[in-house]
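Student: I'm new to this one. Can we go through some salt bridges together and check what earns them the name?

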Amino acid sequence: MEYADLVAVYEALDSTSKRLEKTEILAELLRKTPAAEMERVVLLLEGRVYPAGDDRELGVAKQLMQRAIATASGMSPSKVESEWKKTGDLGEVAENFAKKKRQQTLSQQELSVKKVFDNLQKLAGMEGQGSVERKMQLLSELLISASPKEARYITRTTLQQLRIGLGAGTMRDAIALAFFEKEITDIASKKEIQEIVQEGYDLSNDFALVAAAAKKGRKGLAEIELRISIPIKVMLAIKAETVEAALEKTGKPAEAEFKFDGFRVQIHKDGDIVNVFTRRLDNVTQQFPEIVHHTREFVKAKSCILDAEAVGINPKTKKYVAFQDISQRIKRKYDIARLAKELPVEVNVFDCLSYNKKSYVKEPFKKRRAVIEKIIPSKKGKILPARRIVSSDPGEIEDFFKLAKQSGTEGLVIKNREAPYKPGARVGHMIKYKRTLENLDLVIVGAEWGEGKRSEWMSSFTVACRDGKKYVELGKVGTGIKEKEKEGLSFKELTEMLTPLVTKDKGKEVELKPKVIVEVAYEEIQKSQTYSSKYALRFPRVLRLRDDKSLSDVSSIHLVEQIYQEQR
Ligand code: AMP
């Protein structure tokens, strides 16, 4: 297939915002794509050359791309830079330069999808001496033979900024339409087909593979299996305000588990090979040698895929530490062994998607939990099944919630015992229950002017609580305030209220006389060195103006301390 055919589809997709039209354009392309080209075409449509979960990066920064454009077009790098500054889009710069060059050179070789795909794939993993030159060569080779439009999309794909507005839902529907058009006769049959395509995607997380399978019909899709060492999307939770509301969604009895405050890990074990992925499917195996160790050492399965929460643990006190204390480990590339000792994690396993090569995603949760009981021994501080109770009684679950809080976790996740695992979906099979913390009434003592289209308004506000006669800062907040006046407390309204209160103008930042009081909600109170109260709010958001309150009603530092203690 010629790359030009694919570019025509990019352009057509870009020219419409209607999902149905996009679906039809895509379906037509998929139908005429030969099986051997399917992977390349689908991945390039998604703006990538390796499937999700494959960590290989093309490693082409803006500067290198600029040099390649300069070489291919015969322009100076500084000219490329100045054009980029004008448009902010190197794809457009490459296109414009290719247009100019076109007028000078006549002979043009057609670019194939395979050539573009292969050259881009070769970029990944090139490191060390001479790699920049080789990358330049691969890229300029493509750009020299590219038409202006092709140059645009090659550039964008290389920089991983394809931006053609193609969502997973559209891709799924297009695959369904492309290969099962005859079977789709009404809404019900359409839905059914879309669901089986979705199932294939849930298990593989790879539309290239799904499209190739769908070309072989239902049988092809039915053959898609979970693959050990290839991560899939995780099932997501919804929220409930009360235990009763949660039970209404899950049915009774439900399983209530501690909600650990760490980060999600998907652990793939295949004999001695262990891979650890984050919720965003990044491979973090290198960063967490202790997870690899515990899985190899203690998990009683030849192969399995586990869903778990890794929680930081203080090696001396054996107590849980807050997520932000261990978050540095996720991206860390050095000092790994030392950090694994100083800030180790405990793995709390709460789901099992595959066990000894059998997929469990369609099995009810109680069966998956039974596998966990069988293969995960309780090794406190290392790896263990998530702590849980099974109950139909809201009172009992409330008591378990209190225990969860006392144990230093965030609350509970309440689960439907009959439900299958739904990758990537925010369905009601998993319901988080954290008692919400009391809102605070805080006074605004500072602000920052906004940028760009918000430059007329103050956009970030420093809020403070009362400490005797003083006010001590708890953080900055901009969330919750509206762009449009009719939607609630707006930036404009707040700016007008605060401007006369400026006591000190420090350029972008201003100090304000304490007067305006707002009610602020937040996820958590943390200790902090940044603010004068020595506390900070996590994810604060303004709920409303409290012009009915006076300065003596502003929440006190004692209340902040008390909530901090309670939540621990
Ligand atoms: P949230 O991030 O607030 O939407 O809460 C959902 C997250 O809680 C999940 O993605 C997990 O990372 C985490 N979590 C902690 N403990 C559990 C548990 N027992 N079951 C499921 N998720 C849990």
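Tutor: Sure. Keep in mind that this is a predicted model. Start with R388 and E373, whose side chains meet in a salt bridge with N and O 3.5 Å apart.

Student: Why is the contact between R388 and E373 called a salt bridge?

Tutor: The cut-off is within 4 Å, and the N to O distance here is 3.5 Å, so the pair qualifies. R388 sits in strand β9 and E373 in helix α19, so the bridge ties together parts 15 residues apart in sequence.

Student: What makes R388 count as partly exposed?

Tutor: Partly exposed runs between 20% and 50%, and R388 has 29% relative accessibility, so it fits. E373, at 40%, is partly exposed too.

Student: How do you know that K549 and D441 form a salt bridge?

Tutor: Their closest N and O atoms are 2.7 Å apart, and the limit is 4 Å, so the name holds. K549 lies in the loop between β20 and α22 and D441 in strand β12, so parts 108 residues apart in sequence are tied together.

Student: Why is D441 called buried?

Tutor: Buried means under 20%; D441 has 9% relative accessibility, so it counts as buried. K549, at 28%, is partly exposed.

Student: What about R329 and E290: buried or exposed?

Tutor: R329 is at 1% and E290 at 8%, so both fall under the 20% cut-off and count as buried. They form a salt bridge too, with the closest N and O atoms 2.6 Å apart.

Key. Residues numbered from 1 in each chain as written. Predicted model: local features only at pLDDT ≥ 70, side-chain atom pairs only at ≥ 80, totals over all residues. Heavy atoms only, no water. Buried < 20%, exposed > 50% of the residue type's maximum accessible area, 1.4 Å probe, protein only. Helix = DSSP H or I, 4+ residues; strand = E, 2+ residues; numbered from the N terminus.
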